[in-house]
Amino acid sequence: MPLSASLARGVAPAAPGTLHARTVTGELSAPPRPGLTVRFGRGDKPDVDLGVGVDDLRVSRRHGELTYRQGLWWLRNTGQQLVRLPRGRMMHLSTEAIPLATGYTPLFVKGSGYREHLVELYVAGHDDQGPVSRRRAETVRPETWALDDDERLLLVVLGQRYLLYEEEPRPLTYATAAKQLSYLRPEDKWTERRIEHRIEVVRHRLHRTGFRYPLLHDKSQGRPGDNSLLHNLIKGLVESTTLVPPDLDLMEDDATWPDSAL
């Protein structure tokens, strides 16, 4: 039977709780039967039900398992290498089992070098209608956030490396941004203190809108430098297309900036 393109596209209608699993070497479906366990790894049947990383010795022969109990599928890492879930969550051999949410969940088994082996999981819900063609439907626009002109310019300067799609970008420091802004808009009198205040205002405003990433300090942990929160802010704005590469035109004079401003 040919493999489907991806479980991310949906699955055929099935009883709620049905587990669908897929790797590059095979796929399966399992009913929501209490006590049923589905195992995946480098090994072969009967040790595992689904092969993953079959040519990679860093992948354990039985690397993970899913067990149906209490009305949910519970995922556990039984291998020596980490398993990575969405949003950067990692599972170790010692990590407690976690329940899968209804719908699509990709997980990645760490392999040799930089290799990661994909295991696609999909738990059927009550409202699943199977794969549906939506070629003629209106595109759902990404959620964006309103910024005034000063905020946009400031965030473009601080986040220019993100808009250039550099590898592992980080924000400019407030000191460097102040130098660039002073050259670009000397009449606005940008200072580090003013930049910090404006960024704090934006972070608090967007936090109240349900922004995707944390934007406020955890006061119980003290007050750290807010570089990580600034990273979250710029990353979320770029991913949402609130900030886009053409915004770099706001810095059109940067080619003539002195080295001291870079």
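## Ground rule and model

Here, buried means under 20% relative accessible area, exposed means over 50%, and partly exposed is what falls in between. Arginine 115, with a relative accessible area of 37%, is therefore partly exposed. Keep in mind that this is a predicted model.

## The sheet

Let's start with the strands. There are 6 of them in an open sheet, ordered 2-1-11-10-7-8, and the pairing is antiparallel. Strand 2 (26-30) and strand 8 (90-91) sit at the edges, each pairing on one side only.

Over at the strand 8 edge, 2 bridges link it to strand 7 (residues 83-84), with the two running antiparallel. One detail to look for there: valine 83 has methionine 91, in strand 8, as its bridge partner.

## Two nonpolar cores

The largest nonpolar core has 31 residues, and the members touching the most others are Leu158, Ile195, Ile199, Leu233 and Leu237. Helix 1 (149-158), helix 2 (160-163), helix 3 (174-184), helix 4 (192-207) and helix 5 (227-239) all chip in, each with at least two residues. Helix 1 gives the most, supplying 6 residues.

Leucine 158 is a good place to zoom in. Ignoring neighbours within four places in sequence, leucine 158 is in contact with Pro171, Leu172, Thr173, Tyr174, Ala177, Ile195, Ile199, Leu230 and Ile234. There's also a second, separate core of 24 residues, with Phe40, Leu85, Leu107 and Val109 among them.

## Salt bridges around the strands

On to the charged side chains: the count comes to 14 salt bridges. In one of these, aspartate 55 pairs with arginine 115, and their closest N and O atoms are 3.2 Å apart. Aspartate 55 is in the loop between strand 4 (50-51) and strand 5 (64-69), while arginine 115 is in the loop between strand 10 (103-110) and strand 11 (116-123), so the pair ties together parts 60 residues apart in sequence. Aspartate 55 counts as exposed, at 57% relative accessibility.

Lysine 110 and glutamate 116 also meet through their side chains, at 3.0 Å from N to O. Lysine 110 is partly exposed at 26% relative accessible area, and glutamate 116 is partly exposed too, at 29%.

## Salt bridges among the helices

Glutamate 151 and arginine 205 form another salt bridge, 3.0 Å from N to O. Since glutamate 151 lies in helix 1 and arginine 205 in helix 4, this pair ties together parts 54 residues apart in sequence. Glutamate 151 is buried, with a relative accessible area of just 5%, whereas arginine 205 is partly exposed at 26%.

This pair belongs to a wider group, too: Asp148, Asp150, Glu151, Arg194, Arg198 and Arg205 are linked in a network of salt bridges.

Methods:
Residues are numbered from 1 along each chain as its sequence is written. This is a predicted model: local features need pLDDT of at least 70, side-chain atom pairs count only at pLDDT 80 or more; totals for chains, interfaces and linings use all residues. Side-chain values use heavy atoms; hydrogens and water are left out. Two strands pair if DSSP finds at least two bridges between them. Helices (H or I, at least four residues) and strands (E, at least two) are DSSP runs, numbered from the N terminus. A nonpolar core is a set of buried Ala, Val, Leu, Ile, Met, Phe, Trp, Tyr and Cys residues joined through side-chain atoms within 4.5 Å. Buried means under 20% relative accessible area, exposed over 50%, partly exposed in between (1.4 Å probe, protein chains only). Contact means heavy atoms within 4.5 Å. A salt bridge is a side-chain nitrogen of Lys or Arg within 4 Å of a carboxyl oxygen of Asp or Glu.
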